[in-house]
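Here are some short exercises to help you find your way around a new structure. Try each task by eye before you read the solution beneath it.

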Amino acid sequence: MKSLFSCVFFLATLTLRAQDGHSLWLQNKASKSVTVICTKKSPTLSIAIRELKDGWQGKADASCTLSIKKDKTIKSDGFKLSENAVEANTDKGILYGAYELLRRQQLQEAITGEVENPSYEIRILNHWDNPDGSVERGYAGNSIFWRSNDALVVTEQDKKLWQEYARANASVGINGTVLNNVNASPLILSADYLNRVKAIAEVLRPYGIKVYLSVKFSSPALLGKLKTSDPLDAEVIAWWKNKVKEIYSIIPDFGGLLVKASSEGQPGPQDFGRTHADGANMLADALKPYGGIVMWRAFVYSPNDKDRAKQAYNEFMPLDGKFSDNVIIQVKNGPIDFQPREPFSALFGAMKKTSVMPEFQITQEYLGHSIHLVFLSPMWEECLQSDTYQQGEGSTVARCTDGSIYNQTYTAIAGVANIGLDANWCGNDFAQANWYAFGRLAWNVNFKSAQIADEWLKLTFYNATSNETSATSYATEWTSNFLSPVKQMMLDSREAAVNYMTPLGLHHIMAANEHYGPQPWWAPEGTRADWTPPYYHRASKDGIGFNRTTTGSDAVGQYHEPLASQLNDPKTCPENLLLWFHHLPWNYNMKDGRILWDELCYRYDSGVQQVRSFQKTWDKAQSYVDSVRFKSVQQNLRLQCRNAILWKDACLLYFQRFSQLPIPYDIERPV
Ligand code: GCU
């Protein structure tokens, strides 16, 4: 009975996925007829032709020409658009141009013959998927690539799913994917698993997506049964060379390797007295003949360090210039770990002779999982547009990593995926917007979050009627009653999360391990200090915050002037990062005249009030959304609101033990 039930349930899920599969931001719209002219043939071009025929919303009975020309103004995956033509240097460029043409038609935006070149050459998702099908920090069901039973049998259903995934990625310009967790199992490099990687690569290839793998640094010992995994050992070097050769013999366009080494218990070159550069360069040498790259993560910290925020910089800066040119150092946006708000990592712009790429987290590990509605684009935009001052004013994180300032052999940007087997892919319908936004920002680092939200909402939720007259009035009504308020909700949602979780620069005070909900008090005896929230908030009777100034850990010293001095002084440090850099008394005077304690109370409270307003906004949107999505978002907002109240109450009551000050009378009382 149970198995019959689960079988029916499984089929129902597949049907839902099949019906729903295209419903991300790629809805099937009634199209107008078009003739697509393209003299060259290839699987990628066939996809472009089919997409244009299926989705054409330009002039009826038009002819659209796809031409591959050598044009110097067009770079890598770029393209040139006009109303009835796409030009590019490559087939992939044509595909991206076709998707952009369709997007412009659907959004009724002008097409002015401009060239569009991507900001980053490699725009890549990192899946933290394990070979048993589980997903580390995944909140959207199990892996779309791996599963525990019949793990290696590739079914038609698998291929269909991977194809839908590839299509969604290609439509926003994502051109690479790492198929497994950075906490990598050595199994992934075994022949059986590589065969499945090959099958995935075959489905993704026509969509212009290369596959990459995360590897465990001790694979030579664990999988190859060698005595050591020392990167300077001749047998180890030979083992990796052979492994890489084996991979390229079945996947000729394999992208390369992602490595988490000497980090959080993962093995690495330091286990053998070697440096990150020794380890990365050894792998890079093996990949070089095939054009592969190494993305080497800078996410490192240890219990001995006085300030975890400083460690990546301390370990990597001395190695600047020592990495091979097919190594890119992959740096998380902030110096700690994907918190709701962090300053940018001081490594951006500081490593001047090494390629560096930003890593963002699309999955909401610290931002309410797939329950909270948090549009992450404003957070990424904030990081990308932060000025490092490393080469004078205007040396933004974006410009320091996209090749504008430094001459990088490769430029790249990674996003930790929020994708799983859930029928809506991401666990929450609004979390799809974060996948979309990552792709769009990777394509053009100067896109604005408001524009991205606008596009996504129109593509995902707009349903015009077929009648032209009523379509016009519906569009006006839809814009003012749905688009404007819901877009504002999205744009406010990240700041709301910061307010009810970690206002004023607080960080890492979430519940241990699952990182959902508050636990600023958590510090069981014997636990590593840098894994406990009190290490980060440092609340005491005399005040709150982490002193990272010159009188404290001097993390400010890792930033370039004039930023270092600005951050060092509480009067000039941005208030939204105040407690990140300063330990201040509870009665410290804030810019608005409140004392710090009161400000903290108001910020927590305003976060809760913001979520309440999101609930009202969504309730009013009911008539514009199908009931499945309406109810599921409504339910999630209810849970988010309860969790926001919990955050406020728990944090204020806990911090009050130290401040010993009353909670202002005009905020919602803790219950
Ligand atoms: C965080 C996260 C881990 C992950 C790690 C990483 O610490 O909690 O699950 O492995 O980041 O980025 O490597």
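## Exercise 1: A helix in the interior

In helix H10, Ser377, Pro378, Met379, Trp380, Glu381, Cys383 and Leu384 are buried. Keep in mind that the model is a predicted one. Work out why H10 counts as largely enclosed.

Solution. Start with the extent of the helix: H10 covers residues 377-384. Next, take the cut-off, which asks for 20 or more other C-beta atoms within 10 Å of a residue's own. Seven of the eight residues of H10 are buried, so the helix is largely enclosed by the rest of the structure.

## Exercise 2: The open sheet

Find the order of the strands in the open sheet of five, and say which strands stand at its edges.

Solution. Reading across the sheet, the order is E1-E2-E4-E3-E5, and the pairing is mixed. Strand E1 (34-37) and strand E5 (115-116) are at the edges; each has a single partner strand, so one side of each is left without a neighbour in the sheet.

Now look at the E1 edge. E1 pairs with strand E2 (residues 62-68) in the parallel sense, over four bridges. Within this pair, valine 36 is opposite cysteine 64 in E2. Finally, helix H2 (residues 43-55) lies across E1 and E2, and runs at about 165 degrees to E1.

## Exercise 3: The barrel

Trace the eight strands that close into a barrel, then find helices that pack against them.

Solution. The barrel order is E6-E7-E8-E9-E10-E11-E12-E13, with parallel pairing. From one strand to the next, the twist averages 25 degrees. Helix H12 (residues 432-443) packs on the sheet and touches strand E6 (122-126), E12 and strand E13 (412-416), with a direction at about 155 degrees to that of E6. Helix H8 (residues 276-287) lies across strand E9 (256-259), E10 and E11, running at about 160 degrees to E10.

## Exercise 4: One strand and its partners

Describe strand E11: is it buried or exposed, and which strands does it pair with?

Solution. First, burial: six of the six residues of E11 (residues 327-332) are buried, so the strand is largely enclosed by the rest of the structure. Then the side chains. In a regular strand they alternate between the two faces of the sheet. Here Val327, Ile329 and Val331 point one way, while Ile328, Gln330 and Lys332 point the other way.

Next come the partners. Strand E10 (residues 293-297) runs parallel to E11, and four bridges join them. Tryptophan 296 has isoleucine 329 in E11 as its bridge partner. Between E10 and E11 the chain passes through helix H9 (residues 308-316), in a right-handed β-α-β crossover. The pairing of E11 with strand E12 (residues 355-361) is also parallel, over five bridges. Here isoleucine 328 is opposite serine 355 in E12.

## Exercise 5: Around the ligand

List the residues around the ligand and sort them by character.

Solution. The list is Glu136, Arg137, Val182, Asn183, Lys260, Glu264, Phe299, Asp337 and Glu365. Sorted, this shell has two nonpolar residues, one polar and six charged.

## Exercise 6: A single serine

Locate serine 659 and describe its surroundings.

Solution. Serine 659 is in helix H19 (residues 627-659). With 23 other C-beta atoms within 10 Å, serine 659 is buried. Beyond its neighbours within four places in sequence, serine 659 is in contact with Trp586 and Trp597. Asparagine 587 is 72 residues away along the chain, yet its C-alpha atom is separated from that of serine 659 by 8.9 Å.

Conventions:
Residues are numbered from 1 along each chain as its sequence is written. This is a predicted model: local features need pLDDT of at least 70, side-chain atom pairs count only at pLDDT 80 or more; totals for chains, interfaces and linings use all residues. A residue is near a molecule or strand if its C-beta atom, placed from the backbone, lies within 6 Å of it. Ala, Val, Leu, Ile, Met, Phe, Trp, Tyr, Cys and Pro count as nonpolar, Asp, Glu, Lys and Arg as charged, and the others, Gly among them, as polar. Two strands pair if DSSP finds at least two bridges between them. Helices (H or I, at least four residues) and strands (E, at least two) are DSSP runs, numbered from the N terminus. Two residues are in contact if their C-beta atoms, placed from the backbone, lie within 7 Å. Axes are lines fitted to C-alpha atoms, for helices over the stretch in contact, and angles run from 0 to 180 degrees between N-to-C directions. A residue is buried if 20 or more other C-beta atoms lie within 10 Å of its own, exposed if 12 or fewer, and partly exposed in between; C-beta atoms are placed from the backbone. A crossover is right-handed if, with the strands pointing away from the viewer, the path from the first strand over the helix to the second runs clockwise.
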